[in-house]
Amino acid sequence: MVPEGAIHYLSHHTTRVLMKYNPSEIEKKWQNFWDETASFEPKDEKSLPKKYVLSMFPYPSGRIHMGHVRNYAIGDAIARYWRKRGHNVLHPIGWDAFGMPAENAAIKNRVHPKKWTYENIAYMRKELAALGLSFSKEREFATCDPLYTKYEQGFFVDMWNRGLIYRKKGYLNWCPHDKTVLANEQVIEGKCWRCDTPIVQKEMYQYYIKITDYADELLEDLKKLESGWPSQVVAMQRNWIGKSVGLEFSFLLDDESKKRCEIDSFKVFTTRPDTICGVSYAAVAPEHPLVDSLLEKGLLDEDAKKSIEKMRAMPVRERNMAEKEGVSLGIYAIHPITKERVPVWVANFVLMEYGSGAVMAVPAHDSRDYDFAKKYGLPIKPVIFPKNGELPEGEAFTEDGVVRGCDGFDGLFGQEARDAIIKWFEENRLGKKVVNFRLKDWGVSRQRYWGAPIPMVHCQKCGVVPEKKENLPVTLPEDVEITGEGNPLEHHPTWRECSCPKCGSEAKRETDTLDTFVQSSWYFLRFTTPRKLWEDVAFDKDECRYWMPVDQYIGGIEHAILHLLYARFFTKVLRDLGYVEIDEPFKRLLTQGMVLKDGAKMSKSKGNVVDPDALVQKYGADTARLFILFAAPPTQELEWNDSAVEGAYRFLRKVYDRAMKVEPCDTLPKIDHSSLQKSEKEARRKVYEALEKGEEVYGERFTFNTLIAAVMEAFNALDKQQNEKVWQEGVWILLNLLEPIVPHISWELSERLFKRNNFGSLEVCEEVFEVESVPMAVSINGKPRAQIEVSPDATKEEILDIARAAVPKWLEGKSIVKEIVVPGRLVNLVVK
RNA sequence: GCGGACGUGGUGGAAUUGGUAGACACGCCAGACUUAGGAUCUGGUGCCGCAAGGUGUGGAGGUUCAAGUCCUCUCGUCCGCACCA
């Protein structure tokens, strides 16, 4: 050990060698530097090329977990890369701060949700800071900030005024004991998660946003996202929207049936109008009005009533598991083409929520209808036949085929038959082409405290009226007690009291709050605008025009549908309201894989959680970031491995030790490549290969694991030679490449060695790829047999001469049938 | 059932346009240094074989001079939707 004072007497060079990699010191130093110099704030220079890099903002649950580390390490790497390439980079962070966990904590620990949330934010902000993430601190906000709520409520009012929001009765999970509405996730096996009381379905007024008005555009614009989004996510959204095109027509009841139930007809929807002549019965959902009517009039016998009760009692979600069941209603409909009488049944497989809640049943060509017909002995009448071959036996033929036995349409196939039949219905005014979506309108009411209040007022005279914009935000009262019973807003002594924005008379505030997905549907727009304008606007139009769309969005696959669909929807609505000018908010999307330990998702209950704080404390943020980006490509699941973390640390220590032996310099050294030895040339080549890899990885592929591997290879190659200039050049470039991944150590070393002049765009030096000889493989009949070295400009004949000479053993007694030369790769000789 | 992804050493993973499979790392083995090592350094490491060689990317076929990569079938794992008419 050298006494501290002694260092002054040693040379500069020796001093550096004596220093050891000390991540906690280095990391603190640079985090302070970045903080003090506000290094990562976007510039107000709209002439610069921009990149908006966004990792999905976190919910302030209390502590960060490895999923966060991965999410932000990926985003930070991309942001830092573009910043170094001279782009104006927006890389913000905020907090998705409303939601149930805050209320649950309030119930459990008697702490106010607001206090709990802001304290969590403060703690997690520190945790994220310790990772050295290059966030814009100036633009940070929480969605529960009243200033954010203000504009969200403003949008709600705009949408209401535009007719995009309506109120409708909907069924909600209701716990009769706690007197509260429960989210689906809070219902466990039909019981309340807190008190175990069986939940009931309660019908209540709810606010809905008409996302279905945008269903077609949301589907259509997925095409614009195909190049930048994972195909999986695009497919999931397409699926979720669930567009189907078909025929809607009305079944008229026969005269006697009309009289009995006082209903003339009911609508059905089918995607297979070509099968219409195979209809042998019609089926309606247990909740269908036709059934109500018959029940009211007492026209069904006891058995039928009982079966219908039973069907209705089963939750819709469970019905698909149950066996097909049904009852004949004793009434008949007239087939629109054949004019035959077809019996009307009620069936448990028909859903009231989809289409019109009634179907035409074609047992010969629909497997559900088939099962049902078999069970109840209903006729099965094939009208579609395969082009070649026979109808299958014992099952429905559901593929496209040729129509036979349907007057006027015989001989038509598949789509042409469907089109012709739809045309016939339209001409005869009996039905029309209809598009149906699986997507439902978005119910945004939540009967909870910790959310953005819905800015509506109930007036005795005027009805439901939006609050005046100048009165926004409608803020939450703070003097509430959260007990878990009911909605605290309803029970507050004064909060509800207000005057009607329209007529001024006494009125009451709406007590529902907004779904938290509303907040996350526009937070990325808020980030585009500097804080100084936040009092005045939700977001500035010019700023928005410059920064949007988000160039790279990064987050978990669990948001593939809801969040990403709502955010796309909101963007389109805000466009139509004149706030933004883009159609799609996220140009490119990266869905990161989960972090696993022992093959399972990390969770407290499994006890397999690795705490990021502990990891950072032991090895430093750079090691944590390096491991997480090296262990797997970002889209794949990542299996935690303690010894691989050690390996990452070991690599950084090696980098530090080796770099510290390099003589400092201010510019990239000039090297006469031709005068170098083989190992030196090899080292340069590896370094520049890594540089090329870097552009591909940061710009396009995000497979950081392969870039890190290339950097490791380059370091290994540098280690095999002693040329100081080659070392300088190598470290200059490799630190530039590593900076987005392991920023602290890179800034520390680059500052010491190069005054950080190596942080910029680097040019690839082409001459290092010029070689005197290229290695090639010689294979015989496709099997590699020998290695040869040939000159890079050797002709095909010269290469073949060398190749043949290298494998005499394999040519003995054989004749060459074919010779293939792939320059720079291999020679394949086909022998017999 | 529909839609999507995936399957490569003991492990995580490379191989981007079909062109020397297993880069890089973890682990393991051997050696060096050491009072010691769960530190560090050097070398080795797909499998079978002393070797020559054989064999090998879930399985079976096929296309090709050449297949992890393309095609057909099949098995398995994971994810999303689901009596959606």
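How do the residues of the surface near RNA strand B divide into nonpolar, polar and charged? In this predicted model, the residues of that surface comprise 25 that are nonpolar, 17 that are polar and 18 that are charged. Of the 60 residues found around RNA strand B, those that come nearest are T271, K324, A631, K693 and E696. On the side of the RNA, sugar and phosphate make up 64% of the atoms of strand B that come within 4 Å of the protein.

Individual polar contacts to the strand can also be described. The side chain of T270 places an N or O atom 3.0 Å from a sugar or linking oxygen of RNA strand B. Phosphate oxygens of RNA strand B are approached by two arginine side chains: an N or O atom in the side chain of R653 is 2.8 Å from a phosphate oxygen, and a polar side-chain atom of R785 lies 2.7 Å from a phosphate oxygen.

The cysteines were considered next. A disulfide is a covalent bond between the sulfur atoms of two cysteines. The structure holds 1 disulfide, and this bond joins C277 to C406, with a distance of 1.9 Å from S to S. The pair links distant parts of the chain, 129 residues apart, since C277 belongs to the loop between β9 (265-270) and β10 (281-284), whereas C406 belongs to the loop between β15 (402-403) and α15 (414-427). The torsion about the S-S bond of C277 and C406 is about 40°, and the disulfide is therefore right-handed. Both partners, C277 and C406, are buried.

Other cysteines are buried as well. C261 has a relative accessibility of 1% and so counts as buried. C459 is likewise classed as buried, because its relative accessibility is 7%. The closest cysteine sulfur to that of C459 is in C500, at 3.6 Å, which is too far for a bond.

Attention then turned to charged side chains. Side chains of opposite charge can pair when their charged atoms come close. A search of the whole structure finds 61 salt bridges. In one of these, the side chains of K29 and E748 meet with a distance of 2.9 Å from N to O. This pair links distant parts of the chain, with K29 in helix α2 (residues 23-36) and E748 in helix α27 (residues 743-754), 719 residues apart. The two partners differ in their exposure: K29 counts as partly exposed because its relative accessibility is 41%, whereas E748, with a relative accessible area of 4%, is buried.

A further salt bridge is formed between the side chains of K46 and D44, again described by an N to O distance of 2.9 Å. Here K46 counts as partly exposed, at 34% relative accessibility, while D44 is exposed, its relative accessible area being 61%.

K423 and E427 also form a salt bridge, in which the closest N and O atoms are 4.0 Å apart. These two residues are 4 residues apart in helix α15, so about one helical turn separates K423 from E427. K423 is exposed, with a relative accessible area of 52%, and E427 also counts as exposed, at 55% relative accessibility. Elsewhere, salt bridges that share partners join E217, D221, K224, R568, K572, R575, D576, D583 and E584 into one network.

Finally, the backbone was examined. Most residues other than glycine have a negative phi, and most peptide bonds are trans. The peptide bond from L472 to P473 is cis, with omega near 0°, and P473 lies in the loop between β20 (463-466) and α16 (488-491). Another cis peptide bond, with omega about -5°, joins M548 and P549; the position of P549 is in the loop between α19 (541-547) and β24 (552-556).

Positive phi values, in residues other than glycine, occur at F702, where phi is near 60°, and at K755, where phi is near 50°. F702 is placed in the loop between α24 (678-701) and α25 (704-719), and K755 in the loop between α27 and β29 (774-780). With regard to accessibility, F702 counts as buried because its relative accessibility is 5%, whereas K755 is exposed, with a relative accessible area of 56%.

Definitions and conventions. Residues numbered from 1 in each chain as written. Chains lettered and ligands numbered in written order. Predicted model: local features only at pLDDT ≥ 70, side-chain atom pairs only at ≥ 80, totals over all residues. Heavy atoms only, no water. Near = heavy atom within 4 Å. Polar contact = N/O pair within 3.5 Å; in protein donor to acceptor, adjacent residues only side chain to side chain. Nonpolar A, V, L, I, M, F, W, Y, C, P; charged D, E, K, R; others polar. Disulfide = S-S within 2.5 Å. Buried < 20%, exposed > 50% of the residue type's maximum accessible area, 1.4 Å probe, protein only.
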